[in-house]
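Let us walk through this structure step by step. Start with the strands, then turn to the charged side chains.

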Amino acid sequence: MSIIPSFFTGRRSNVFDPFSLDIWDPFQGFSSVLNNLPESSRETAAIANARIDWKETPEAHVFKADIPGLKKEEVKVEVEEGRVLQISGERSKEHEEKNDKWHRVERSSGKFLRRFRLPENAKTEEVKASMENGVLTVIVPKAEEKKPEVKSIDIGG
């Protein structure tokens, strides 16, 4: 079940799907609104909605985030209490020289923060992250499913 119903976020949600429990992102779906803001407001809001994919394989939960132009030192991956994966970072504003004449500024700067509630089978102590070509990959291994133990009972006569 999603924290915010799907008609607010524009995405499909299933009450019985534990993977739709990601924490609501207040900036999701507001890119068209951001374009109407003055540039000073847009500066920090433009990068707020880093795009992240989350897939589950038989062995792990895999998160991939597009964060071009950032170094791994500018990105932080954390697991908080309650199995919450947090991915954050900041792109600094480019230094402006007094004599520079800008014709167009489209690249964003500012902070981003995304949070996801991990399912019970996530091994939060074994999370690994890597970054290559502007794509951050976070791998959260899954615990093995415990099969229910079946005990045979003799029927007395």
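Two strands count as paired if DSSP finds at least two bridges between them. Keep that cut-off in mind for the sheet. The model is predicted.

Begin with strand 1 and strand 2. Strand 2 covers residues 60-66. The two strands run antiparallel, and five bridges join them. Within this pairing, D53 of strand 1 stands opposite K64 in strand 2. The cut-off is at least two bridges, so the five between strand 1 and strand 2 make them a pair.

Now move to strand 6 and strand 7. Strand 6 spans residues 128-132, and strand 7 spans 135-141. This pair is also joined by five bridges and runs antiparallel. Here K128 stands opposite I139 in strand 7. The two strands form a hairpin, with two residues between them. In the turn, N133 has a positive phi of about 55°.

How do these strands fit together? They belong to an open sheet of four strands, in the order 1-2-7-6, with antiparallel pairing. Strand 1 and strand 6 stand at the edges. Each has a single partner strand, so one side of each is left without a neighbour in the sheet. On average, neighbouring strands of this sheet are turned by 15° against each other, direction ignored.

Next come the charged side chains. How many salt bridges does a search of the whole structure find? The search finds four. One of them joins K142 and E56, with N to O at 2.5 Å. This pair links distant parts of the chain. K142 lies in the segment after strand 7, and E56 lies in strand 1, residues 52-56. The two residues are 86 residues apart.

Is K142 buried or exposed? K142 has a relative accessible area of 16%. Buried means under 20%, so K142 counts as buried. E56, at 36%, is partly exposed.

Another salt bridge pairs E78 with K76. Their closest N and O atoms are 4.0 Å apart. E78 is partly exposed at 29% relative accessibility. K76 is partly exposed too, at 45%.

K123 and E126 also meet through their side chains in a salt bridge, at 4.0 Å from N to O. K123 has 27% relative accessibility and counts as partly exposed. E126 is partly exposed as well, with a relative accessible area of 35%.

Conventions. Residues are numbered from 1 along each chain as its sequence is written. This is a predicted model: local features need pLDDT of at least 70, side-chain atom pairs count only at pLDDT 80 or more; totals for chains, interfaces and linings use all residues. Side-chain values use heavy atoms; hydrogens and water are left out. Buried means under 20% relative accessible area, exposed over 50%, partly exposed in between (1.4 Å probe, protein chains only). Axes are lines fitted to C-alpha atoms, for helices over the stretch in contact, and angles run from 0 to 180 degrees between N-to-C directions.
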